[in-house]
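Please open the model in your viewer and keep the sequence panel beside it, as this tour moves from one selection to the next. Each stop suggests what to select and then describes what is found there.

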Amino acid sequence: MNTKIEISTQTERYTINFGVLEKIELGEYSKVLLVTNHVVGRLHLDRVMSKITHQDLSVLLLDDGEENKNFVTLQKIIDFALQKQLDRKSVMIALGGGVISDIVGFASGIYQRGIAFINIPTTLLAQVDASVGGKTGINTIYGKNLVGLFHQPSAVYIDTDFLQTLPTREFVSGIAEIIKIAVCFDFEFFTFLEKCDLKNPQDLQKAVQKSVTLKAKIVAKDEKERGVRAGLNYGHTFGHVIELETEYKKYLHGEAVAMGILMANVLAYKEGLLTLQEKDRIFQLLQTYGLSLHYEIKNTELFYQKFFLDKKTQNQKLHFILPDGIGNVRICNDITKDRIMEVLGEFS
C-alpha cells in the first residue's frame with residue numbers, strides 16, 4: 001500500500017512517496033534529465049522510464065562508485081545539461097544510490113543557480129539517508145563531501161522493490177544507517193531492530209519508513225545542520241577518515257560508518273555516556289548483519305590530524321557525535337586529544 005509523508009523545511013515543502021513506483025507526472029517542467037549509473041541503468045532504467053510522462057526526456061549514464069563522486073563527474077553532468085539546453089524550468093532526476101543522489105542534487109543546485117531535482121533511490125542507504133534532507137556534494141582529495149550545498153529535492157519516491165536486485169554487501173551497508181538513526185533518536189525503534197529481521201520484506205518496509213520519518217522530523221527542525229541534525233553524523237567523523245585513508249575504494253559508506261560507530265561507542269563509553277551493556281547491545285545489532293568490522297589504524301597521529309578536515313570542526317575544535325545512552329545523542333566539543341588518542345590506540 002502506497003503512503004506519503006510531507007516534509008517542510010525553512011526553504012522547501014515536498015512529498016516523500018512510499019510504495020510501488022507509479023506514474024510520475026512531470027508536465028510542469030520544460031525538460032527532464034535523468035541521471036543514473038551503468039549498473040542501475042541496466043537493472044531499472046526501462047522500468048522507471050515507463051513511469052515518466054514527458055516529451056523531452058534525456059538520460060545520462062555515469063560510471064559507478066564513490067571514487068567517481070568528484071569534480072570531473074560533476075562537470076560531465078553540467079556539460080550534458082547545457083548540451084541538452086536545460087533551462088531554469090527543467091528538472092533533474094537522480095536514479096541510484098547515495099553517490100548519484102549527492103552529485104545530481106549538487107549539480108541541480110548550481111545549474112543556472114538552481115533547478116529542481118527528484119530523488120528515486122535504488123539502494124537501502126540512499127532510501128533511508130542520502131535521498132532525504134537536501135545534503136548534496138562531492139568528495140575531494142582532502143575528504144568526503146567537503147564541497148556541496150543544501151538543496152532539497154522536489155519529491156522523493158521510495159520503492160523497496162528496487163532493493164531486490166541489490167547485492168548483499170550493499171544491502172547490509174544501508175542497515176548501518178538505520179541502526180545509526182535508531183541509536184541516536186528512538187529507543188523503541190532500536191528494540192524493534194533487535195527483534196526483527198530486516199531481510200524480511202515486511203520488517204524492512206517498516207524500518208525504512210520509520211527511518212525516513214525520523215529523519216524528516218529532524219531535518220524539518222534543523223535544515224542546515226546547526227543543531228540536532230548533526231546527530232545524524234554519529235559514526236561519520238571516524239568513518240569519513242576511514243574512507244579517506246582507503247581512497248573510497250575498500251569499504252562501502254555504510255561499512256565505514258559501522259566501523260566509525262564502534263569507535264564512537266568506545267569514546268562514548270570512556271566519557272561515561274554509554275554503559276558497557278548499551279555498548280554491547282549496539283555491537284550485537286551490528287554483528288547480526290555482519291557490520292562488526294574492525295579497522296586497523298596504521299598511524300594514530302595521522303588519523304587524528306585528518307579529523308580537522310571534518311565539516312563539523314570549528315575554530316580547530318573537534319566535534320564528536322556520541323550516543324548518550326540508546327535513543328539520545330550528544331555533540332561533544334571538549335574531548336581532550338589524550339582521550340581521543342587513547343581510543344584510536346585501541347584500533348591500532
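Which strands does helix H7 (residues 201–221) lie across? With this predicted model on screen, select H7 together with S1, strand S2 (13–18) and strand S11 (155–158), since these are the three elements to inspect: H7 lies across S1, S2 and S11, and the helix runs at about 20° to S1.

Next, widen the selection to the sheet as a whole, in which seven strands are arranged in the order S1-S2-S11-S8-S7-S4-S6. The sheet is open and its pairing is mixed, with strand S1 (3–8) and strand S6 (57–62) at the edges, each pairing on one side only. Looking along the sheet, you can follow a twist that averages 15° from one strand to the next.

Now select helix H2 (residues 71–83), which packs on the sheet and touches S4, S6 and S7; the direction of H2 makes about 160° with that of S6. Keep S4 and S7 visible, and look at how strand S4 (residues 32–37) is joined to strand S7 (residues 91–96) by four bridges, the two strands running parallel. Within this pair, Leu34 has Ile93 of S7 as its bridge partner.

From Ile93, step across to S8, where Ile118 stands opposite Ile93. S7 and S8 pair in the parallel sense over six bridges, and the chain passes from S7 to S8 by way of helix H3 (residues 98–110), a β-α-β crossover that is right-handed.

Are the residues of strand S8 (residues 116–121) buried or exposed? Six of its six residues are buried, and colouring the strand by face shows Ala116, Ile118 and Ile120 on one side, with Phe117, Asn119 and Pro121 on the other. In general, side chains in a regular strand alternate between the two faces of the sheet. Continue from Asn119 to Val156 of S11, which stands opposite Asn119; S8 and S11 run parallel and are joined by two bridges.

For the last stop, select Ile16, Leu124, Leu193, Phe303 and Phe307, which touch the most other members of the largest nonpolar core, a set of 77 residues. Centre the view on Phe303: leaving aside neighbours within four places in sequence, its contacts include Phe238, Val241, Ile242, Met263 and Leu344, and also Glu245. A second, separate core of 21 residues can then be picked out through members including Ala81, Ile100, Val104 and Ile115.

Methods: Residues numbered from 1 in each chain as written. Predicted model: local features only at pLDDT ≥ 70, side-chain atom pairs only at ≥ 80, totals over all residues. Heavy atoms only, no water. Pairing = 2+ DSSP bridges. Axes fitted to C-alpha atoms, helices over the stretch in contact; angles between N-to-C directions. Contact = heavy atoms within 4.5 Å. Buried < 20%, exposed > 50% of the residue type's maximum accessible area, 1.4 Å probe, protein only. Right-handed = clockwise from strand over helix to strand, strands pointing away. Core = buried A, V, L, I, M, F, W, Y, C linked by side-chain atoms within 4.5 Å.
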